[in-house]
Amino acid sequence: MKKEQFKSILLSVLVVLNVFLASQILIDKKLWPSGYNFFSHTENSGIFSIVSKLFKNSESNMISRARMTMPERIIINTGDQTTRISLNSSHGLYNQLNENTYSALADMFSKVKNAVQVEPGEWYAALTGKSVYLSYEADFDAKLYLRFMGTAESEVLSAVQEISDVVLLPLSQKVMIVYMRNRSDDTYYKISSSDCENEIEAVIDLVRQNAEQSGGDTSPVINYSFDLFFDKAFGNQRVILDPMIPIYSTPQSYRPITSENPIIKTDGTVNQYLLDKLLHAFGINSSTVRRYTEASGTLVFVENNATLKISPDGFLDYSAREGTNGMKISDSGAYSEVCAVADFMDGLNAAITAQKELSVSSVDSDGKGTVSVAFDYTVQGLPVNMTKQGQAVYAQASGGCLQKYTQLLRSYSVKNEVMQTPEYITALDLAIAGHMDEDKTVVIKRMSVGYTDDGSIGDKYAEWHIDVKD
Amino acid sequence: MIKKFAAAMIAFMLAFACIIPTVSFAAYGNTIPLGAYGSRSDLIYIKRPESHNASTSDKTYTISATGGAGTKIKIYKYNAGAGTCQLVKGETTIGASGLYSTVVNLNNDSNIFMVYAYNDWGDQTVRIDINRIKKSTVDRLKGITVTIKNFF
């Protein structure tokens, strides 16, 4: 009797399975006519994805979203005139400081009612007091910045349009002033609260103590350009620096890095396992996709909705075909789309073992529903500047769909040697020398240390990157 | 004989006239007199401190200046014991940017620095006085812009 029952159950299961698989073959084009991969497909199914989320550490694929509002550099102004400490994400105290400033800012933005425009002098005064200066690589749309800080709507937005630099000036554990700068039109705003729980002052003291113990008198003296009046022209002065460019008294130390293309090696060998994972991230079935190789060696994958190309030097280009929406990644809206792009990028980089640390370098919205976001790789707390491609990752999304995605696929390893950049003035002189024939004042917008990657494979070194205003 | 003497005198005077400008601003090596003055006043422009004197509570001070490319700068500090100014920052040549900055140590309450600039057209000296005072005094002098008073 039991045997008959078992047979009936087994038969029923097989019939159900048969119907299910037959329906998949009839409905899902991906299963036609060959290349059927049951496990790959179930991984994408709704039930499986819910189950897998329970076991996967989803935070591991949200690195870039969390890094979205992480400053490229934090400068601690201790209150003494030229005793300042500069930290990037490689510094041991950076995360603690970033968490403290983030929670203080989130608290401020959720409570304050309005922002007031102030004179530059008040901003400069805050920087000579005991304060924290946050320098972002990107100029943020204020609405987006506040969303990342956890505030959807705020009266602050009626005054502030763009945020590129922030100064936190704690007056006590509850009283704080936050200054914001819009770099594009050089305007300054402040918000203040007497009900903002913060530990900023304690963290400033902690960083200072740490610096005194580890560096002592050997630490570089940091002046802002405005301290030295390099932001104001006099006589026949040909060069003007942005007031917030930090000027270090000594060269900067760094470790060189080595770049690698994780997908295609220098001898042309393709890592098929990682390539399949890459295609999978874009929802492409590697077995059924139409593919060919161009004369240049570029791998081309053609789908109904998009084309994906990977050149031998590791440049990936995903483009939705004209008239199609592209790949669905999120709900509509700039915030959702930027977050989804960051998550997608993290998932892709984790899958193909590319460099995981990236920081946002620009976020733009055209006002018609299309959002563009760019990221730079970050190694040892320094951004990697792509001289050929412009940025490591560029993505364009609209209506919750990814329409364009480019990335120079790279992984970086840090070499075990220490080198030094030239002094800032030497780098500045070299950069200016190229503009001497122009009969106008040269305005320097940004000046920072970062790695330079020309797209070739091999050792990369850090140097000063100078952004001259057109 | 008189002609020979006159020719020798003229040759000597010519040579002397050519040498004087070179010697006068190349003479300063490791020391410079506190009262030294140069032949020019337009080789460099001191940006910080604006009024050529300042007060600070810090152990160091950053002097900044602008000048023409190729102008050389040395920094001397007055030593009261020796009665002269001694070299503390060796020769630096201003580059294409025209910008110059250097950090000097403040060992005493009263610190006198001489900025010495020179190029093919002459030389210039600028005296800078930096006083070290207590931090509380600096804050009072600065009249801190951001205070609780103007906060509300």
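Leaving aside its neighbours within four places in sequence, which residues is A:S259 in contact with? The partners are A:R410, A:Y412, A:D453, A:I457, A:G458 and A:K460, where a contact means that two C-beta atoms, placed from the backbone, lie within 7 Å.

Before going on, some housekeeping. What you're looking at is a predicted model, in which local features need pLDDT of at least 70 and side-chain atom pairs count only at pLDDT 80 or more, while totals for chains, interfaces and linings use all residues. Residues are numbered from 1 along each chain as its sequence is written, and chains are lettered from A, with ligands numbered from 1, in the order in which they are written.

**Around A:S259**

Back to that serine: A:S259 sits in strand β12 (residues 257-260) of chain A. Helices (H or I, at least four residues) and strands (E, at least two) are DSSP runs, numbered from the N terminus. A:S259 counts as buried because it has 23 C-beta neighbours inside 10 Å. The cut-offs for that word: 20 or more other C-beta atoms within 10 Å of a residue's own make it buried, 12 or fewer make it exposed, and anything in between is partly exposed, with C-beta atoms placed from the backbone. One of its partners, A:D453, is 194 residues away in sequence, yet the C-alpha to C-alpha distance is 8.4 Å.

**Chain A overall**

Chain A holds 11 helices and 27 strands. Its C-alpha trace spans about 95 × 55 × 45 Å along the principal axes. Of its 470 residues, 39% count as buried. Take the contacts between residues at least 6 apart in sequence, and 65% of them join residues at least 24 apart.

Helix α5 (residues 94-111) of chain A is a nice one to look at. Its 18 residues reach 26 Å from first C-alpha to last, close to the 26 Å expected at 1.5 Å a residue; the expected span is 1.5 Å times one less than the number of residues. Within α5(A), the buried residues are A:L97, A:T101, A:A104, A:L105, A:M108 and A:F109. Those residues cover an arc of only 130 degrees around the axis, so they end up on the same side of α5(A); the arc is taken from the directions from the helix axis to the C-beta atoms. Flip to the other side of α5(A) and you find A:N95 and A:E99 exposed.

**The largest nonpolar core**

A nonpolar core here is a set of buried Ala, Val, Leu, Ile, Met, Phe, Trp, Tyr and Cys residues joined through C-beta atoms within 7 Å. The largest one has 144 residues, and the members that touch the most others are A:V167, A:M176, A:V178, A:Y179, A:V341 and B:V115. Helix α10 (residues 334-351) of chain A provides the largest share of this core, 8 residues. The core lies between domain 2 (68-219) and domain 3 (258-414) of chain A, because both give residues to it; those bounds come from an automatic or database domain assignment. As for A:V167, it touches A:W123, A:A126, A:L127, A:S131, A:V132, A:Y133 and A:Y179, not counting residues up to four places away in sequence.

**Chain B and its contact with chain A**

Chain B has 3 helices and 9 strands, running α-β-β-β-β-β-β-β-β-β-α-α along the sequence. Of its 152 residues, 28% count as buried.

How many residues does each chain bring to the contact? Chain B gives 22 residues and chain A gives 31. On the side of chain B that touches chain A, β2 (44-48), β4 (60-67), β7 (99-105) and α3 (148-151) each supply at least two residues. The most come from β4(B), with 4 residues. That side of chain B divides into 8 nonpolar, 11 polar and 3 charged residues. For this count, Ala, Val, Leu, Ile, Met, Phe, Trp, Tyr, Cys and Pro are nonpolar, Asp, Glu, Lys and Arg are charged, and the others, Gly among them, are polar.

**Backbone oddities**

B:R48 and B:P49 are joined by a cis peptide bond, with omega about 0 degrees. B:P49 is in the loop between β2 and β3 (53-56) of chain B. Two non-glycine residues with positive phi are worth a look:

| Residue | Phi | Loop | C-beta neighbours inside 10 Å |
|---|---|---|---|
| A:Q380 | about 55 degrees | between β19 (370-379) and β20 (382-386) of chain A | 17, partly exposed |
| B:H52 | near 70 degrees | between β2 and β3 of chain B | 15, partly exposed |
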